[in-house]
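Ready for some practice in reading a protein model? Work through each exercise with the structure open beside you, and try each task before you read its solution.

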Amino acid sequence: MRFARVTAAESLKLISTRLWWILLLVLFGYVAFTAGLLAGLFGALGEQLSATPGSPQLPEATLPPVVYSTASAVGYVFPVLLGALATTSEFRHQTLTPTFLATPRRGMVLLAKVVVLAIAGAIYGVVSLVASIGLGAPILAATGVPTALGDSGTWMLAARVVLAMSLWAVVGVGLGVLVPNQVAAIVIVLAFTQFVEPILRFGATIWEWTAQIGQFLPGAASDALVGASIFTSLGTGQVETVSLEWWQGGLVLFAIAAITALAGYFGAWKRDVT
């Protein structure tokens, strides 16, 4: 089938570069470090922190899912970067020109790229879970905290992490089509994920009405889909966190991914790229 050939070509484009595995290695190290740090800190000092008023609170029962969810809570920026760079590199190196000559149906090309990057994002999700669970669970066990690995809810959380990372990669594809300039796309991804949205999410907790709006931010929707996050679970016990249901978070994140991809298609993707 023609779509299968186009998808195979897009897969070859991705794996023929060093980008995907370099980002994957950094993702693994970053998530492993964060999960290990959280597990060690709150596993060893949980009782002391709970006895200290005003200190960060993370009950023992919620610690394992929070540690394991670092796979997406801090790792989601990597599939976004992968999707954005895989797309902007096409504009930068003008590889879209021969692609469109071979496959004039540009919508099919974009759909194939979305499928390939969604699969790549899922793989990133699996690897990030290996990092968060692989290091986090032994440290939790060493500090006397139950790992919850025998709980079906833990593995449902893991499945939702994979789904979230897949959707984030599609968001990256849409952003890369909307902003073909590679440097600009990287700046936007890093600025929004590391500075703008965290500030917006913190500011949204001030009033109840802003909290209702803040739960629809991309990162907040992703955390809701996964079902746990250090950003929604860590607190002093004085602030109530507002969050969507997991399926609502999934729908919001899916809508964001679909809107960015469609906007990109009707924008730069349909323009002359020669």
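Keep in mind that this is a predicted model.

**Exercise 1. Two helices that cross**

Task: Find out how helix α7 and helix α8 are oriented to each other.

Solution:
- Step 1. Locate α7 at residues 106-142 and α8 at residues 152-178.
- Step 2. Look at their axes, which come within 7 Å and cross at roughly 140°.
- Step 3. Compare this with the cut-off: an angle over 145 degrees would count as roughly antiparallel. The two helices are therefore oblique to each other.
- Step 4. Add the handedness: α7 passes α8 in a right-handed crossing.
- Step 5. Sort the residues of this contact by class, and you get 18 nonpolar, 4 polar and 1 charged.

**Exercise 2. Another partner for α8**

Task: Describe how α8 packs with helix α13.

Solution:
- Step 1. Find α13 at residues 246-266.
- Step 2. Its axis and that of α8 are 7 Å apart, at an angle of about 25°.
- Step 3. Angles under 35 degrees count as roughly parallel, and α8 and α13 are therefore roughly parallel to each other.
- Step 4. Their crossing is left-handed.

**Exercise 3. A salt bridge**

Task: Work out which parts of the chain the salt bridge of K113 and E10 ties together.

Solution:
- Step 1. Recall that side chains of opposite charge can pair when their charged atoms come close.
- Step 2. Check the distance: the side chains of K113 and E10 meet at 2.7 Å, N to O.
- Step 3. Place the partners. K113 belongs to helix α7 and E10 to helix α1, so the pair links parts 103 residues apart in sequence.
- Step 4. For the wider picture, the model has 5 salt bridges by this rule.

**Exercise 4. A pocket**

Task: Determine which helix gives the largest share of the lining of the second largest pocket.

Solution:
- Step 1. Note the pocket's volume, about 280 Å³.
- Step 2. Of its 14 lining residues, K13, T17, L85, A86 and S89 are the closest to the centre.
- Step 3. List the helices that each supply at least two lining residues: α1 (2-15), α5 (77-92) and α7.
- Step 4. The largest share, 4 residues, comes from α5.
- Step 5. By class, the lining has 5 nonpolar, 5 polar and 4 charged residues.

How values were computed:
Residues numbered from 1 in each chain as written. Predicted model: local features only at pLDDT ≥ 70, side-chain atom pairs only at ≥ 80, totals over all residues. Heavy atoms only, no water. Axes fitted to C-alpha atoms, helices over the stretch in contact; angles between N-to-C directions. Parallel < 35°, antiparallel > 145°, perpendicular 65-115°, else oblique. Left-handed = near helix turned anticlockwise from the far one by under 90°. Nonpolar A, V, L, I, M, F, W, Y, C, P; charged D, E, K, R; others polar. 1 Å grid on protein atoms, 1.4 Å probe; cavity = no way out; pocket = protein on both sides within 12 Å on 5 of 7 lines; lining within 4 Å. Points joined across faces, edges and corners; volume = space filled by probe spheres on them. Salt bridge = Lys/Arg side-chain N within 4 Å of Asp/Glu carboxyl O.
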